[in-house]
Amino acid sequence: KKRDPVVLYERHLESNGIISKAERESVIARVDEEIEAAIREAEASPHPRPEEALRDVLEEPLARIAADPAIESVRPLPATARGILVDSLRVPGIGLHVEQMIVELEPGADREALVRAWDRLLDEEPALRAAAVWRDVDEPVLAVHRRASIPVETVAGDLETYLRRDAAAGFDLERPPLLRLAFLERHAVWTHHHLLLDGWSRGIVLGRLATLLRDPEAPRIERPALAFEEAPRPLEAGHATPIGRPSELPAPDVHGSDRYGDVEGRLSAADLASLEDRARRARRTLSDVVRGAWALLLARYSGRDEVAFGATVSGRDAGLEHAVGLLIRTVGLRWGVEPGEGFWPWLDRQAEREPIEGPGWADESLLVVENYPFDPTVGPAARYRGARTRSALVLLLVPGSGLGVHLVHDRTRLGDGDAA
């Protein structure tokens, strides 16, 4: 018959004179008293439940940041922004995620009025006063500062030389604002980090800037609260079949002093209207058509009958059309190419394929259709320079008078001749 091992051990201690029965009972009584005292103390604590105490430990660094009188609020960093932050920290000095808007100034333009309008914008828009916090926290966040003024510089010399130097300088992502303004002889350059704004938000900011230049006393606008997306879902089992590196492209020898090249073109307003009309009749969007054309081009250059590439989507739910911040996210698309099949029937089939969310799909090529509301009072005089990412190739379509087409390429991966 089995005996209780605890009882056997107690008898062993007693029979060998290691501890007496009275001593054993005294120890047990003291332990019981200490346990009861610990329970009473826990019950009297402001946080009796262990999960609340654990939450306080995890949130303590964020509470410390929020307690800083210079900080207005602390915001979570959306998944897309976390990737941008990591890229920028890992590879500084080459202009990753630095965005520039170049405006040709009219003779006699009031530069001081432009600076005042920008400072009013920073006062109105919390997103423009944000900086990243990633040290001594479990997850990086954006800290919105209560006050910030736009740094202004007057620059002598060539515009292109300044743009290259400005992009390479980047930003100290811990010090707001992550934007600046420079005046050259005939141009103004607004530079910001992509961590703050997506293309849609950039259009909103420039539209508001135009309003403030026309009417410096324009009523303040209250923006809707941002809703940040969750981290990307892992690849589903059915989509995990490897197909090699997405849309493999030939890598040339490295040449030139600048890492990124930018080939620009423009679709006229008439051609854009014709294309959109044809897409509507096929019950497809402009984004669908561009994705199809991009997939066919990648297939031709890579020699594959199935290609994968990244594509951005706005990430804006109903009610967030006027929100300012970084709401975009990137999804992976994998499209097959059937030689001899008509474009529109093929596009119907491919456009219905489910996006693949997960890392790595944008490493080779990324398609960005900035299909946001466009303010014609700002756009025609403004020129965009940016979309420098870890992707070898980025096709960026920007609304304006027609449709601006920018092909940004990493010269260590694709030469100027091939990009053109």
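Me: What is the relative accessible area of L267, and which burial class does L267 belong to?

Reply: Buried stands for under 20% relative accessible area, exposed for over 50%, and partly exposed for the range in between (1.4 Å probe, protein chains only). The relative accessible area of L267 is 27%, so this residue is partly exposed.

Me: What kind of model is this, and which limits apply?

Reply: The model is predicted: local features need pLDDT of at least 70, side-chain atom pairs count only at pLDDT 80 or more, while totals for chains, interfaces and linings use all residues. Residues are numbered from 1 along each chain as its sequence is written, and side-chain values use heavy atoms, with hydrogens and water left out.

Me: Which residues does L267 touch, leaving aside its neighbours within four places in sequence?

Reply: L267 is found in strand β8, residues 260-267; helices (H or I, at least four residues) and strands (E, at least two) are DSSP runs numbered from the N terminus. The C-alpha atoms of L267 and V405 are separated by 7.4 Å, although the two residues are 138 residues apart along the chain. With contact meaning heavy atoms within 4.5 Å, the partners of L267 outside that window are L272, L275, S401, G402 and L403.

Me: What share of the contacts between residues at least 6 apart in sequence joins residues at least 24 apart?

Reply: The protein chain contains 11 helices and 14 strands. Of its 420 residues, 43% are buried. For contacts between residues at least 6 apart in sequence, the share joining residues at least 24 apart is 74%.

Me: In what order do the strands of the 5-stranded open sheet run?

Reply: Strands pair if DSSP finds at least two bridges between them. The edge strands, each pairing on one side only, are β5 (152-154) and β12 (382-385). Neighbouring strands are turned by 20° against each other on average, direction ignored. The pairing is mixed, and the order is β5-β6-β7-β2-β12.

Me: Which residue of β12 stands opposite Q100?

Reply: Strand β2 (residues 98-104) pairs with β12 in the antiparallel sense over 4 bridges. Opposite Q100, β12 places R385.

Me: Which strands of this sheet does helix α7 touch?

Reply: Helix α5 (residues 111-124) packs on the sheet against β5, β6 (179-183) and β7 (187-193), and its direction makes about 175° with that of β6. Angles run from 0 to 180 degrees between N-to-C directions, and axes are lines fitted to C-alpha atoms, for helices over the stretch in contact. Helix α7 (residues 199-214) also packs on the sheet, at about 140° to the direction of β7, and touches β2, β7 and β12.

Me: Which residue of β4 is the bridge partner of R75?

Reply: An open sheet of 3 strands has the order β1-β4-β3 with antiparallel pairing. Its edges are β1 (71-76) and β3 (130-133), each with a single partner strand, so one side of each has no neighbour in the sheet. β1 and β4 (residues 141-145) pair over 5 bridges. In β4, R75 is bridged to L142.

Me: How many residues does the largest nonpolar core have?

Reply: Such a core is a set of buried Ala, Val, Leu, Ile, Met, Phe, Trp, Tyr and Cys residues joined through side-chain atoms within 4.5 Å. W118, L181, W190 and L195 have the most contacts inside the largest one. Beyond its neighbours within four places in sequence, W118 contacts I150, L181, W190, V205 and L209. The residue count of this core is 53.

Me: How far apart are the axes of α9 and α10?

Reply: D288, V289, G292, A293, A295 and L296 in α9 meet F343, W344, W346, L347 and A351 in α10. Helices α9 (residues 286-302) and α10 (residues 343-351) pack at an angle of about 100°, and their axes are apart by 10 Å.
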